[in-house]
Amino acid sequence: MKNIEPSGFVGDLSDHQQEVLDQVTAYLVDKNNYKPYFDEWKLLKFCRAKKFKFEKIVPMIDKHIDFRKQWDINVIMGEDHAPIEHIDKTRWRFQETIGTIDKVGRPVAIMKKGIETFDIKMYDDITKDDMIKHDLIQLEFYEKAIMPW
């Protein structure tokens, strides 16, 4: 009979995988970056991506945190309790994201830009960064709404 390795997903960790997850959690707590966003499900994505090698996980998480700060994702999503004016600025200009899963169970998001009667002038006060933030908001919401199933 084959020896089946733990998958590295929530509820199916080896002792080593659990130890690395605990180290990553402690690292985030020490840096005061352990926010509700970093639940066990999310942290295990980083751990699996770097094959549960702590020294490779930390730089990846640090870059992820820097990216979230650069684009104000925590602020926009209301996790840092700040105003979310950006959402009002872009919401009416874009159609909603369609989210589903494919035959294998992988998440799929289709993000359609524009509205049915397109007028380029309606984009005059929106920057490229505004459009990127809008997409990040949609993906963040999609991840929270449909992903850890």
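**Exercise 1. Classify Lys31 and Asp62 by accessibility, then describe their pairing.**

Step 1. Lys31 has a relative accessible area of 39%, so Lys31 is partly exposed. The classes are buried (under 20% relative accessible area), exposed (over 50%) and partly exposed in between, with a 1.4 Å probe and protein chains only. The areas come from the Shrake-Rupley method.

Step 2. Asp62 counts as buried, at 19% relative accessibility.

Step 3. This is a predicted model, in which local features need pLDDT of at least 70 and side-chain atom pairs count only at pLDDT 80 or more, while totals for chains, interfaces and linings use all residues. Residues are numbered from 1 along each chain as its sequence is written, and side-chain values use heavy atoms, leaving out hydrogens and water.

Step 4. Lys31 and Asp62 form a salt bridge, with the closest N and O atoms 3.3 Å apart. The term requires a side-chain nitrogen of Lys or Arg within 4 Å of a carboxyl oxygen of Asp or Glu. Lys31 sits in the loop between H1 and H2 and Asp62 in helix H3, so the pair ties together parts 31 residues apart in sequence. The count by this rule is 1 salt bridge.

**Exercise 2. Outline the fold of the protein chain.**

Step 1. Count the elements: 6 helices and 2 strands. Helices (H or I, at least four residues) and strands (E, at least two) are DSSP runs, numbered from the N terminus.

Step 2. Read the order along the sequence: α-α-α-α-α-β-β-α.

Step 3. Turn to burial. Of the 149 residues in the protein chain, 32% are buried. Helix H2 (residues 40-49) has Lys42, Leu43, Leu44, Phe46 and Cys47 buried.

Step 4. Check the contact range. Among contacts (heavy atoms within 4.5 Å) between residues at least 6 apart in sequence, 59% join residues at least 24 apart.

Step 5. Add the surface. The accessible surface comes to about 10,200 Å², and carbon and sulfur atoms hold 56% of that area.

**Exercise 3. Place Gln17 and find what it touches.**

Step 1. Gln17 belongs to helix H1. At 11% relative accessibility, Gln17 is buried.

Step 2. Leave out residues up to four places away in sequence. Gln17 then touches Pro6, Gly8, Asp12 and Phe52.

Step 3. Compare positions along the chain and in space. Gln17 and Phe54 are 37 residues apart in sequence, and their C-alpha atoms are separated by 10.0 Å.

**Exercise 4. Contrast Lys51 with Phe52: which is buried and which is exposed?**

Step 1. Lys51 lies in the loop between H2 and H3. Phe52 lies in the loop between H2 and H3 as well.

Step 2. Check phi. Lys51 has a positive phi near 55°. Phe52 has a positive phi of about 60°, although it is not a glycine.

Step 3. Check accessibility. Lys51 is exposed, with a relative accessible area of 64%. Phe52 is buried, at 7%.

**Exercise 5. Locate the charged surface patches.**

Step 1. Set the rule. Patch residues have over 30% relative accessible area and no salt bridge, and like charges are joined within 9 Å. Lys and Arg count as positive and Asp and Glu as negative, without His or the chain ends.

Step 2. Asp15, Glu19, Asp22, Asp39 and Glu40 form a negative patch. Helix H1 (residues 15-30) gives the most to this patch, with 3 residues. Glu19 is in helix H1.

Step 3. Lys50, Lys51, Lys53, Lys56 and Lys63 form a positive patch. Lys56 lies in helix H3 (residues 54-70). Lys56 is partly exposed, at 46% relative accessible area.

Notes
Patches are made of residues with over 30% relative accessible area and no salt bridge: like charges are joined within 9 Å, nonpolar side chains (Val, Leu, Ile, Met, Phe, Trp, Tyr) within 5 Å. Accessible areas come from the Shrake-Rupley method with a 1.4 Å probe; for residues, only the protein chains shown count as cover. The place of a charge is taken as NZ of Lys, CZ of Arg, CG of Asp or CD of Glu.
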